[in-house]
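Visitor: I am new to this structure and should be grateful for a close look at a single part. Please describe the lining of the largest pocket and what can be said of the elements around it.

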Amino acid sequence: MTAAPGTLPRSRTYASVAVGDVLPELPVPVTRTLIVATALASRDYQDVHHDPELARQRGSKDIFMNILTSNGLVDRYVTGWAGPASVVKAIRIRLGAPNHPGDTMVLTATVTAKSDADRRVEIAVTGANSLGAHVTGNVSVQLPEEDR
């Protein structure tokens, strides 16, 4: 679903998606800059997201990603697949292993349900790194009836 330069990609339609469809993997390099910048952008000034020494004093091996960033990456992953005419109706996530600098989180997902009444698609998402599952959850997205 690649768009021509200067145009939006096409959105997936409700009819084009089936339960069991697997979204393409999305590797996300977890850099120190990503962790600090997104914590600051989400106004999360907790020291464990920007100060390595204080993070270690609190029991972590290094700074780690905040939940708002993880939530945003899950949203971006699903909407990147679904397209610009999709509407996220709900995101329900749970954090597990921390995302530390130098690791890579790989997002994967599967379509688990469809609702004909409102063209909602339920998607189970996992973001895993070298320590295990960093984020798991479900995203509910409404897809357009026709191609836009």
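Guide: Ala, Val, Leu, Ile, Met, Phe, Trp, Tyr, Cys and Pro count as nonpolar, Asp, Glu, Lys and Arg as charged, and the others, Gly among them, as polar. The model is predicted, with local features needing pLDDT of at least 70 and side-chain atom pairs pLDDT 80 or more, while totals for chains, interfaces and linings use all residues. Residues are numbered from 1 along each chain, and side-chain values use heavy atoms, without hydrogens or water.

The largest pocket (an open set of points on a 1 Å grid that fit a 1.4 Å probe, with protein on both sides within 12 Å along at least five of seven lines) has a volume of about 150 Å³, the space filled by probe spheres set on the points. It is lined by 10 residues (an atom within 4 Å of a point), and P24, R76, Y77, G80 and W81 are the closest to its centre. Two elements, β1 (22–30) and α3 (67–82), each give two or more residues to this lining; strands are DSSP runs of at least two residues (E), helices of at least four (H or I). By class, the lining holds six nonpolar residues, one polar and three charged.

Helix α3 also contains L68, which is partly exposed at 47% relative accessibility (buried is under 20%, exposed over 50%). In the loop between α2 (52–57) and α3 lies D62, buried at 11%. D62 forms a salt bridge (nitrogen of Lys or Arg within 4 Å of a carboxyl oxygen of Asp or Glu) with R32, at 2.8 Å. R32 belongs to helix α1 (residues 32–41), so the pair ties together parts 30 residues apart in sequence.

Methods: Buried < 20%, exposed > 50% of the residue type's maximum accessible area, 1.4 Å probe, protein only. Salt bridge = Lys/Arg side-chain N within 4 Å of Asp/Glu carboxyl O.
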